[in-house]
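Please find below my notes on the model, set out as numbered points. They take up one sheet, one helix and one glycine in turn.

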Amino acid sequence: MNEMMKPRGQFRAHAYEASDDVGRNDARNETMGDIIAARFSRRALLKGALAVTAIQATVSPLAMLASNPVHAATPSAFSFDEAMAGVDETHHVADGYDMQVLIRWGDKLFTDSPEFDPMTQTSDKQRRQFGYNNDYVGFIPLEGAPAGESRALLVVNHEYTDEHMMFPGIVTIEDKVPEGAAADAKPEPTLVVAPATKDRVDIEMAAHGGTVVEIRRREGAPWSVQLDSPYNRRITAETPIEITGPAAGNARLQTKEDPTGRSVKGTINNCAGGVTPWGTYLMAEENFHGYFSGSLPSDHRESANYKRLGIPGASYEWAGFYDRFDVSKEPNEPNRFGYIVEVDPLDAASTPKKRTALGRMKHEGAESVLAQDGRVVFYCGDDERFDYIYKFVTSGTFKPNDRAANMDLLDSGTLHVARFSADGTMEWLPLVYGQGPLTSANGFQSQADVVIETRRAADLLGATKMDRPEDVQANPKTGKVYAMLTNNTKRKADQVDAANPRAANAFGHIIEITETDGGFASSTGRWEVLLKCGDPAIASVGASFSTATTANGWFGMPDNCAIDAEGRLWVTTDGNSPKATGRTDGLWAVDTEGEARGTAKLFYRVPVGAEMCGPEPTPDLTTFFVAVQHPGDEGPDYAAFGRPSYFEDPSTRWPDFAKNMPPRPSVVAITRKNGGKIATTE
């Protein structure tokens, strides 16, 4: 997901490498050796189809091939004809599959919702419509469907907003010399966004958060949104939310608006997430730092705490209209963000809850698995360079026949952070007040302080600095856990170690963890690198895909993942682009077992400029839901290939391709033609 938001002055890019002073981890913990050439920048794209000459300039000849004649001795766990990698204005899927744009930014969610008109949008309209930049997608089956029909809730996060893609008439193009360029550098066309207005900010706030929507499907027919469902709901940056767990009521969360420290308005920058075994929906607050402006005195108690998280990030101008986003006016407000938010999707009137026991960080996801003793284990990454992988183990056990008894399991348990050793072993270190360095001698007065300053606590415990830990998911069939490490071009040669084995890691890697005795609640385990990503034809990249992986099958920048009902790993990416890899982001099937281990196959790819989010296969494997985020949004390196992309002149108008319609983030449902399970012979 987007690692940070670009500071104001030009435009806010959807994703790019953070500067050194944003949330920098200065802890002297061990870092993780092949040296990689810092060959490509992270993001750039082309308006329309990618020119062949541009591909030839940036990727190897192998990347132009449709296939590789070398195949594994044993078959892959996946059965489908691979899609072809590339870059153009639309999306593509493997042969034999259909793609349905199920719901788009601005689509109606209720019978009385207004039709979407981007020229006359208001915050009131947006609160009744599907939000912007869909990220996490969860699927919760519902009972009571008629024979031959499937009925479910789709829960979707709306991570952030791109005003230059959302609003007409606010962008001008100016020739500017890139920041940090040589004095004689040639000016480049640069997007300049007009200062925010309150109306625009209110629309942005209404487009954040999440959506709960009922969907139905008759056998052989496409899915449809049920506008009259009592479950349909929008959660925004202003929805009242209860604060629970160790930090609830703590003085560091108390504000003028909420002197109790137990209630907060809204949730922001909801990236990945999860669905619990008891059927609630988890929203992970990630890059919340970018919403805060202002400054604190250097001797203020929260000054160092906020610096560790990159606060204030000042990517948004909300503080100009709402004091709570100005730290000089509300110094405690940032301590009320950065948590996992739990929503009961079966009760549209219920109050969501921020579960502080799971810590405060730039959360990427909260996927769960049952431990052998019935406790529930949640895994997540802290999405920033040189930060950590975590898991939370509940104190109580899951009761499958008593949903009410499970509803507060997330308020009590133990948060752990991972330390990887060069010999292939690893430890899960508990972040518990009073244990080890987490005492008053280091400024911790209670467990509230530990969860409020989770990063500093993990620093003191000596956790392993990772290359942007994103989605982490357990495979209940095999006992393995997979962690996506997206990239880290700031890692130097003297900082590599076994678990992060490449300097200037532009393309990321995937770690496979085996918990001791298959126990997900274990405090120890073993680990290995499943994949080092990037083009395997470029020796200096050091990629480790199986030789059975075709020229379409390799990828860079793993981000989200899913374990399907057959225990197979699927990986989505964030950062593939014309300049970086010569292809767009997409969804890849990755073999983890047998002689096919390390083989990847491209199943679906997104339009130019988009990021691939989700993914969510249904339990019966007949549908794969994916989220296409920020289609047409170029990122900061557009000048390498063409002019900037913005509302009036986007690089694609997917999915509508209508003259006056901007590109719209959308959830896509993928099904097999003539029925059957995804990527199988059934």
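1. Two strands are taken to pair if DSSP finds at least two bridges between them, and helices (H or I, at least four residues) and strands (E, at least two) are DSSP runs numbered from the N terminus. The model is predicted, so that local features need pLDDT of at least 70 and side-chain atom pairs count only at pLDDT 80 or more, while totals for chains, interfaces and linings use all residues. Residues are numbered from 1 along each chain as its sequence is written, and side-chain values use heavy atoms, with hydrogens and water left out.

2. Strand 27 (residues 509–515) and strand 28 (residues 524–532) are joined by seven bridges in the antiparallel sense, and Ile511 has Val529 of strand 28 as its bridge partner.

3. An open sheet of nine strands, with antiparallel pairing, follows the order 17-18-20-21-22-28-27-25-24. Strand 17 (363–370) and strand 24 (469–475) form its edges, each pairing on one side only. The twist averages 30° from one strand to the next, with axes being lines fitted to C-alpha atoms (for helices over the stretch in contact) and angles running from 0 to 180 degrees between N-to-C directions.

4. Helix 8 (residues 454–461) lies across strands 18, 20, 21 and 22, and runs at about 50° to strand 21 (413–420); contact here means heavy atoms within 4.5 Å.

5. Gly274, in strand 13 (residues 270–275), is buried, with a relative accessible area of 0%, where buried means under 20%, exposed over 50% and partly exposed in between (1.4 Å probe, protein chains only). Leaving aside residues up to four places away in sequence, Gly274 touches Tyr136, Thr280, Tyr281, Leu282, Ala366 and Glu367. Gly274 and Gly365 are 91 residues apart in sequence, yet 6.3 Å apart in space, C-alpha to C-alpha.
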